[in-house]
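Colleague: I'm new to this one, so could you walk me through it? I'll ask, you reason it out.

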Amino acid sequence: MLFKRKYLFALLAAGLICFIQPAWATAADSKDKPWKKFNVDVGYLISGLNTDLELGAKGLGVKVDVEEALGMDTTNSVFKFKGFWRFTDNLKHNLGFEYSAYRRDGNRTILEDFKIEDDQGNQITIPAGSQVSSYFDLDIYKFSYNYSFFQDDRVDLSAGLGFYWMPISIGVNSTGLISVNEDESFNAPLPTIALRADFAITPKWFLRSSMEVFYLEIQNFKGSIYQSSVALEYLPWKHVGFGVAFDTFNLNIEADGEDYPEIDFNGEINFNITGLLLYMKMFF
């Protein structure tokens, strides 16, 4: 699925580039380009979520779908903030920042045994029929640098590096046949490689797309990120516009200890977001 998305992104970008290729004949001065020096996007993301979770050493715990097994919501609506600054006169170098936060909890009588690991590393089995309450909190901070390797008055193609800082908190509490109250908190710092393709369809309509990937396997740690976005923007006024975007974000972490900096965690997390983002853009 990941590779299919990559190919779809590449084909979309190639098709759009061919469509507007005549505009590449002459490059415009930076003052004539439609790319803004600074912009801020504030939006509301309506997302569907799917999370698989295993707490404990690999093979000793039980991986569960938290939406189905623990009763967490399958949808989540959150505010999302994004800032973008082209800090050079030629508008080719830029810095970016994004933030969003996901807060979910669940309460359900579990239908099958659920194994977790306590603070001392002991395996605890919560038997089927127990009442279990749980929460899963994730904050996503993203910092990025991009360089536009091709830019004119219609097209801006760039590549760069991203850095995600993601505090994650997980908690499971059970009552009934056995009482358990376990919490797990850690930070996940993960870098990414990014590609962006922005197209000025008209002076007021823009199509923007981006993709970021990361994969690393080292000792007892394995981590990956895939993020993509396709957005259509309308800028009717001098400093204000609106946009709608289709976003995806996939995070996978498998860890057994502290083999990766800041991640002291035993278990596996697969966290997937697919959503529609409605936002307002302010630019200068």
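Modeller: Happy to. One term before we start: two strands pair if DSSP finds at least two bridges between them. Also keep in mind that this is a predicted model.

Colleague: Good. How many residues lie between S7 and S8 in their hairpin?

Modeller: Strand S7 covers residues 131-151 and strand S8 covers residues 155-175, and the two run antiparallel with 18 bridges joining them. As one example of facing residues, tyrosine 145 stands opposite leucine 161 in S8. S7 and S8 form a hairpin, and the number of residues between them is three.

Colleague: And moving on to S9, which residue is the bridge partner of proline 167?

Modeller: S8 runs antiparallel to strand S9, residues 180-200, with 20 bridges between them. This is a hairpin too, with four residues between the strands, and glycine 176 in the turn has a positive phi of about 115°. In S9, the partner of proline 167 is asparagine 187.

Colleague: Let's talk charges. How far apart in the chain are lysine 281 and aspartate 41?

Modeller: These two form a salt bridge, with their closest N and O atoms 3.0 Å apart. The pair links distant parts of the chain, since lysine 281 is in strand S13 and aspartate 41 is in strand S1: they are 240 residues apart.

Colleague: Is lysine 281 buried or exposed?

Modeller: The cut-off for buried is under 20% relative accessible area. Lysine 281 has 4%, so lysine 281 is buried. Its partner aspartate 41 has 6%, so aspartate 41 also counts as buried.

Colleague: Which glutamate in strand S10 does lysine 142 pair with?

Modeller: Lysine 142 in strand S7 has a salt bridge with glutamate 98, closest N and O atoms 3.1 Å apart. Lysine 142 also has a salt bridge in which the closest N and O atoms are 2.5 Å apart. Both lysine 142 and this second partner are buried. The partner, in strand S10 (residues 205-218) and 70 residues away, is glutamate 212.

Colleague: Last one, on the surface. Is tyrosine 44 buried, partly exposed or exposed?

Modeller: Tyr44 belongs to a nonpolar patch on the surface, along with residues including Phe79, Trp205 and Leu278, and the patch has about 1000 Å² of accessible area together. Strands S1, S11, S12 and S13 each supply at least two of the patch residues, and the place of tyrosine 44 is in S1. Buried means under 20% and exposed means over 50%. Tyrosine 44 has 35% relative accessibility, so tyrosine 44 counts as partly exposed.

Key
Residues numbered from 1 in each chain as written. Predicted model: local features only at pLDDT ≥ 70, side-chain atom pairs only at ≥ 80, totals over all residues. Heavy atoms only, no water. Patch = residues over 30% accessible without salt bridge, like charges linked within 9 Å, V, L, I, M, F, W, Y side chains within 5 Å. Areas by Shrake-Rupley, 256 points an atom, 1.4 Å probe, with all protein chains shown as cover. Salt bridge = Lys/Arg side-chain N within 4 Å of Asp/Glu carboxyl O. Buried < 20%, exposed > 50% of the residue type's maximum accessible area, 1.4 Å probe, protein only.
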